[in-house]
Amino acid sequence: MSRPVVFIIDNVSVTRQMHKEAIEASCPREVEVLTTASAEEALGTLYALRDQGREIEMVIVSQGLPGIPGNRLLEIVSTQFPTVCRILLSDKPSLDEAIYAFNNSGVDRYIPLPWEKEDIKFTITSLLRQREMNRLNMRLLSDLQMRNQELVVAFRNLDEAKKENERTYIQTVQSLAVALEAKDRYTAGHSQRVARFATLIARSMGLAKDGVEEVAQVALLHDIGKIGMLDSILNKPSNLTPEERELVKSHPVVGAQILAPVKTFERHVVGIRYHHEMFDGSGYPDKLKGEEIPVTARIVSLADAFDAMTSTRPYRIGLPLAFAMQEMQKMRGRQFCPMAVDAFIRVLQSTGAGDAQEHVPPAAAASVPAAAQAAPAPAPSATRDPAEPEKRTGEDSSPAPVRPKADAA
């Protein structure tokens with residue numbers, strides 16, 4: 001390994017030799033002390049040392065050099081060798097000379113001659129120690145920057161892994177939702193239809209694009225909390241027992257708990273938890289009222305009830321679209337959000353009705369042309385009240401339309 005260098009430039013041989021001996025005694029053994037008598041020779045030596053890859057620790061220059069004076073030589077050194085420590089020795093020190101040296105030559109020390117041995121030792125050792133500390137700091141900084149880069153890559157990989165885990169979780173949850181519906185031919189496609197209706201409502205209400213997307217995603221997953229419930233309860237054609245009723249009513253909370261661990265679903269959780277709240281405060285699980293209910297939940301609640309009314313269930317056939325519209329208007333401000341009802345009615349009564357018709361079950365779709373006339377409801381013909389499409393409460397049937405109260409199948 002090449003030895004580091006301390007370089008002395010002094011045209012007076014006696015002081016040059018004296019300073020060399022004193023500096024050699026002050027430097028570590030590995031440091032080589034070189035000398036020269038002129039600025040021109042010094043520059044040639046400095047360039048040669050740099051080409052050899054030698055570390056130049058310090059350049060000590062006498063101000064009284066012939067030709068190029070010391071402070072001018074150090075100006076060149078500061079430009080060509082900016083990291084080198086620079087000392088200017090002056091046999092005729094002055095304030096102006098010192099100011100010029102510090103401002104233009106970038107000297108680390110300005111020393112009037114004679115330079116005493118004790119002062120030489122102190123100056124040289126302190127400057128070498130300072131340079132070593134600077135090198136150590138630079139190594140530490142470089143190491144820190146490298147570690148920061150490694151951490152950036154690690155965090156990026158971690159973030160990608162987290163996103164991949166979330167994507168996997170989302171796909172799993174969506175697959176479970178599809179599997180849930182596949183267990184019963186009566187509920188097949190329910191979530192997809194609810195998502196389509198909810199999207200139409202959200203757009204009609206003027207929600208922003210990301211809000212519409214959030215509503216659609218909540219609708220797709222709104223019944224995910226029913227995973228694990230017995231088929232015998234979900235598909236029971238007769239009235240539920242009080243215990244079965246409470247179990248079914250727990251599915252919004254269970255669904256929210258399933259999705260809560262995933263940051264992607266952070267905004268979806270409240271929509272799923274509250275999609276069975278009612279506008280007048282009589283819903284569940286928390287009996288929220290009016291605009292206390294998140295808008296996503298209000299929209300999905302209406303879309304869910306609409307699909308439940310127009311779809312065939314084990315206990316009755318799907319109801320006509322006109323009757324479903326009549327029920328929505330009747331329950332406006334009671335079960336359903338007035339703005340959501342008005343928005344959906346606008347869609348169904350406009351040219352958009354054809355768009356909705358594509359997703360309405362056949363039994364209900366047959367009545368689309370009569371939507372605007374709001375045809376009267378047919379007489380009930382099932383064990384459950386036909387106007388109570390979500391009824392899972394175990395209440396007695398009634399021959400007259402009553403308010404839907406529980407969850408959609």
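This is a short walk through the structure, one selection at a time.

Before you click anything, keep in mind that this is a predicted model, in which local features need pLDDT of at least 70, side-chain atom pairs count only at pLDDT 80 or more, and totals for chains, interfaces and linings use all residues. Residues are numbered from 1 along each chain as its sequence is written, and side-chain values use heavy atoms, with hydrogens and water left out.

**Stop 1: the whole chain**

Show everything as a cartoon. The chain has 16 helices and five strands; these are DSSP runs numbered from the N terminus, helices being H or I over at least four residues and strands E over at least two. Of the 409 residues, 47% are buried, where buried means under 20% relative accessible area with a 1.4 Å probe, protein chains only. Take the contacts (heavy atoms within 4.5 Å) between residues at least 6 apart in sequence: 65% of them join residues at least 24 apart.

**Stop 2: the sheet**

Now select the strands. They form an open sheet of five in the order β2-β1-β3-β4-β5, with parallel pairing; two strands pair if DSSP finds at least two bridges between them. At the edges are β2 (32-36) and β5 (109-112), each with a single partner strand, so one side of each has no neighbour in the sheet. On average, neighbouring strands are turned by 20° against each other, direction ignored. Angles between elements here run from 0 to 180 degrees between N-to-C directions, using axes fitted to C-alpha atoms, for helices over the stretch in contact.

Add helix α2 (residues 39-51): this helix packs on the sheet and touches β1, β2 and β3, its direction making about 165° with that of β1. Then add helix α3 (residues 70-80), which also packs on the sheet, touching β1, β3 and β4, and makes about 175° with the direction of β4.

**Stop 3: strand β3**

Zoom in on residues 56-62. Seven of the seven residues of β3 are buried, so this strand is largely enclosed by the rest of the structure. On one side, β1 (residues 5-9) pairs with β3 in the parallel sense over five bridges, and Phe-7 stands opposite Val-59. β3 also pairs with β4 (residues 85-90), again parallel and over five bridges. Here Val-59 faces Arg-86, while the bridge partner of Ser-62 is Leu-89.

**Stop 4: Leu-74**

Go back to α3 and pick Leu-74. Is Leu-74 buried or exposed? Buried, with a relative accessible area of 0%. Beyond its neighbours within four places in sequence, Leu-74 contacts Val-59, Val-61, Arg-86, Ile-87, Leu-88, Ser-105 and Val-107. Try a C-alpha distance to Ser-105: the two residues are 31 apart in sequence but 5.3 Å apart in space.

**Stop 5: two helices**

Finally, select α7 (residues 209-221) and α12 (residues 295-310), which pack at about 55° with axes 9 Å apart. That makes the pair oblique, the class left over once angles under 35 degrees (roughly parallel), over 145 (roughly antiparallel) and 65 to 115 (roughly perpendicular) are taken out. Show side chains where they touch: Glu-214, Val-215, Val-218 and Ala-219 in α7 meet Thr-296, Ile-299 and Val-300 in α12.

How values were computed: Buried means under 20% relative accessible area, exposed over 50%, partly exposed in between (1.4 Å probe, protein chains only).
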